[in-house]
Amino acid sequence: MAKIAVLGLGSMGAALAACLVRAGHEVRVWNRTAAKAEPLAEMGATACATASDAVSPSEFVLICIKSHRDTIALIEPIASELKGKMVCDMSSGDTADAEELVSLITSHGASFMLGMINAYPSGIGGAETTILTVGSPGSWERYGEVIRQLGAKSAHVGETPTALAALFAGLFTVRQGFMFGMINGAAVCQKAGIPMQVFADQIPASIKLVHDYYDLFARTVPAGDFDDPEASLKVYALALEDALKTFRTLGAPHEFIQNMHDQTRAAWDAGLGDKQLTVLATSPGRDG
Ligand SMILES: NC(=O)c1ccc[n+]([C@@H]2O[C@H](COP(=O)([O-])OP(=O)(O)OC[C@H]3O[C@@H](n4cnc5c(N)ncnc54)[C@H](OP(=O)(O)O)[C@@H]3O)[C@@H](O)[C@H]2O)c1
């Protein structure tokens, strides 16, 4: 059993706190809007009037508010109380804010963890739930069990503060790429008068192909082997050219497909036309 402070009791923070109470920890909770602590107090947590009241008797400080930037503002005034504690921020943030937050925490003699929650609040405590963490050396050995109580499939992915924000950006791009694919696909079909129900009904067949795309990606990118494609980059470039023409002719917003078209065209021009499409993940000349 650990002494844990949970700062931030929005949808996610409240779910985290409730799970830790159920797991038998001694949990102190604080939220900017105090009323949100009441249901947790009824469950057995101690509601605190200030963040400092929650932090000072606790060894593990779990924060889940809006962003790393807000976390920096929240803990700066109480930073001197963090010495010797583990501070774990599960709020979202970018790479620069992650580095600034970690430097604030460690410069006050505390250890850090940053956590990326891959679940809705209802999934907290679940057997299939993943929270990915980075943290100070030894952090996972010391507190990995607590994180696994919040999500049984949780894992530690390193000690670099920026790694998690980059991983989030990468995985978010994967899911949003699919979501924005549906959104942009709907736009061109609407322009052609296709009922949205017809479009929606056809998406599951494309999702099956997405699994094949994943298999191709996993087979080629980690191994760096892009030879002998079943469908070459050139074939995709030509298909994207046709699709781009259709978007333009129908007057649908074409920036999304234009970007995919331009990437394949540039790689073809660079001599990669006969490779797997996935060579784009590693091809030179595409640095931001
Ligand atoms: N909900 C999800 O499914 C989910 C999934 C994965 C990750 N997350 C991440 O979890 C974090 C919290 O999300 P949520 O869904 O719990 O959001 P939420 O329900 O909107 O709650 C936001 C919480 O942050 C607090 N807060 C906001 N700004 C603050 C500040 N400047 N100082 C102190 N407290 C502040 C709010 O306090 P008040 O009550 O006083 O407004 C509230 O407790 C976000 O970073 C989000 O990206 C959420």
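This briefing walks through the ligand site of a predicted model and then turns to its salt bridges. The ligand has 19 residues around it, and the space it takes up is the second largest pocket. Elsewhere in the search, the whole structure yields ten salt bridges.

**Who surrounds the ligand**
- Of the 19 residues around the ligand, the closest are Met12, Asn31, Thr33, Lys36 and Lys66.
- By residue class, the shell around the ligand splits into eight nonpolar, seven polar and four charged residues.
- Helix H1, spanning residues 11-22, supplies the largest share of that shell, with three residues.

**Polar backbone contacts and cover**
- A polar backbone atom of Ser11 lies 2.9 Å from an oxygen atom of the ligand.
- For Lys66, a polar backbone atom is likewise placed 2.9 Å from a ligand oxygen, and Lys66 is also listed among the closest residues.
- Leu9 joins in through its backbone too, with a polar atom 3.4 Å from an oxygen atom of the ligand.
- On its own the ligand has 900 Å² of accessible area, and the protein covers 73% of that.

**Salt bridges**
- One of the ten salt bridges found in the structure links the side chains of Asp212 and Lys208, with an N to O distance of 3.9 Å.
- Both Asp212 and Lys208 belong to helix H8, which runs over residues 196-220.
- Along that helix, Asp212 and Lys208 are four residues apart, or about one turn.

Definitions and conventions
Residues numbered from 1 in each chain as written. Predicted model: local features only at pLDDT ≥ 70, side-chain atom pairs only at ≥ 80, totals over all residues. Heavy atoms only, no water. Near = heavy atom within 4 Å. Polar contact = N/O pair within 3.5 Å; in protein donor to acceptor, adjacent residues only side chain to side chain. Areas by Shrake-Rupley, 256 points an atom, 1.4 Å probe, with all protein chains shown as cover. 1 Å grid on protein atoms, 1.4 Å probe; cavity = no way out; pocket = protein on both sides within 12 Å on 5 of 7 lines; lining within 4 Å. Sits in = over half its atoms within 2 Å of the grid points. Helix = DSSP H or I, 4+ residues; strand = E, 2+ residues; numbered from the N terminus. Nonpolar A, V, L, I, M, F, W, Y, C, P; charged D, E, K, R; others polar. Salt bridge = Lys/Arg side-chain N within 4 Å of Asp/Glu carboxyl O.
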